[in-house]
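Thanks for coming, everyone. I'll walk through pockets, cavities, one helix pair and one ring pair. Here is the structure on the screen.

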Amino acid sequence: MSTANGLPRFDSVVFAGGGNRCFWQAGFWSVLASQSQRAPLRIAAVSAGAAVSCALFSDTFENGFLAYKRALATNQRNFYLKNLMRRQPVFPHGSMYREAILKSIDRQALSRLHQGPDITVLMACPPRWASRSIAMLLGMVAVGVDAIQYHEVHTSGGKRVGFRPVFRSVRQCASPEALADLIIASSCVPPLTPQARRDGMVLFDGGLFSNVPVDGIAQDSGQTLVLLTRQYSHLPSIAGRTYVQPSQLIPVAAWDYTNAAAVQSAYDLGRRDGERFCIAS
């Protein structure tokens, strides 16, 4: 089905992970949404893709993005060695990430999220037999396996070493703080972020299981748009899915929390790619 202006109408959207690269998704979607007649019915997201999708569909993205860039502009380093002596976090990412979410989404915004598309967020649970330390080692192995499969959209390193998917709906979050917990659990990469736990489970970045969480969308859910955050030599050709990728390398590092200009560049590239998509469709 298409909109009145000929653009495809997507029933579902998948937001891949990618840290700061996910601001490309925000730029792309902001253009597409301005040309579309309605929001999607459902969304599957992981890691920073979950943060971006929640900001977009709570109508708080612009204010949240501005606050985030201001925070980056005042943060001088990604690693504070002196904090080792102070018994304070060496990495600023966890606290800055949480603050960005809570500054973006208050109770009114959360209420809008509950009334909007059903957003499901992916987290990764390690094998039941694995201790936290073993799970972290398995995570590194999974990242290594996925690096070998770099040009494949759907990698399987985490699955091979035993990580299991845990999907939770944003509608289950009763407070902004609970939403922040969910998003950060989906983005959990110790020691950059604190170790996440939920319902007695130790959880890690959902990207360890799947950085492109199409499994969160049922196959009979109509047309699905998959928003990637990296370039691939070949995109899957699957009925009912439209994969889109950046037209060039997104000019920002996933976990660089010092460069406000770079995240703006990622967003601007997304807008340009979104405009090209609308013209070509």
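First, a definition: on a 1 Å grid over the protein atoms alone, a pocket is an open set of points with protein on both sides within 12 Å along at least five of seven lines, while a cavity is a set where a 1.4 Å probe fits but cannot get out. Lining residues have an atom within 4 Å of a point. Points are joined across faces, edges and corners, and a volume is the space filled by probe spheres set on them.

Ground rules next. The model is predicted, so local features need pLDDT of at least 70 and side-chain atom pairs count only at pLDDT 80 or more, while totals for chains, interfaces and linings use all residues. Numbering starts from 1 along each chain as its sequence is written, and side-chain values use heavy atoms, with hydrogens and water left out.

Start with the largest pocket. Its volume is about 870 Å³. The lining has 33 residues, and nearest the centre lie Val 143, Val 189, Asp 205, Gly 207 and Leu 208. Which elements supply at least two lining residues each? Helix 7 (132-148) and strand 6 (201-205) do. Both names come from DSSP runs numbered from the N terminus: helices are H or I with at least four residues, strands are E with at least two. Helix 7 gives the most, seven residues. By class, the lining has 19 nonpolar, nine polar and five charged residues. Nonpolar here means Ala, Val, Leu, Ile, Met, Phe, Trp, Tyr, Cys and Pro; charged means Asp, Glu, Lys and Arg; the others, Gly among them, are polar.

Now the second largest pocket. It holds about 230 Å³ of space. Among its lining residues are Trp 29, Ser 30, Phe 57, Phe 61 and Tyr 267. Helix 1 (23-35), helix 2 (48-57) and helix 3 each give two or more residues to that lining. The split is seven nonpolar, two polar and two charged.

On to the cavities. There are two of 30 Å³ or more. The largest has about 320 Å³ of space. It is lined by 22 residues, with Phe 23, Ala 51, Val 52, Tyr 97 and Ala 100 closest to its centre. Helix 2, helix 3 and helix 5 (93-104) each bring at least two residues. How many charged residues line the largest cavity? None; the lining has 16 nonpolar and six polar residues.

The second largest cavity is about 60 Å³. Its lining includes Leu 7, Pro 8, Trp 29, Arg 38 and Pro 40. Seven of the lining residues are nonpolar, one is polar and two are charged.

Next, the helix pair. The axes of helix 3 (residues 61-74) and helix 10 (residues 260-280) come within 8 Å and cross at roughly 150°. Helix 3 is therefore roughly antiparallel to helix 10. That term covers angles over 145 degrees. Axes are lines fitted to C-alpha atoms over the stretch in contact, and angles run from 0 to 180 degrees between N-to-C directions. Contact means heavy atoms within 4.5 Å. From helix 3, Phe 61, Phe 65, Tyr 68, Lys 69, Leu 72 and Ala 73 meet Ala 260, Val 263, Gln 264 and Tyr 267 of helix 10. Eight of these contact residues are nonpolar, one is polar and one is charged.

Last, the rings. The structure has 13 aromatic pairs, meaning rings of Phe, Tyr and Trp (its six-membered ring) with centres within 6.5 Å. Take Phe 28 and Phe 277: the centres are 5.4 Å apart and the planes are at 55°, so this pair is tilted. Planes under 30 degrees apart would be stacked, over 60 edge-to-face, and the rest are tilted. Phe 28 sits in helix 1 and Phe 277 in helix 10, 249 residues apart, so to speak of distant parts of the chain is fair.

Technical notes
Angles under 35 degrees count as roughly parallel, over 145 as roughly antiparallel, 65 to 115 as roughly perpendicular and the rest as oblique.
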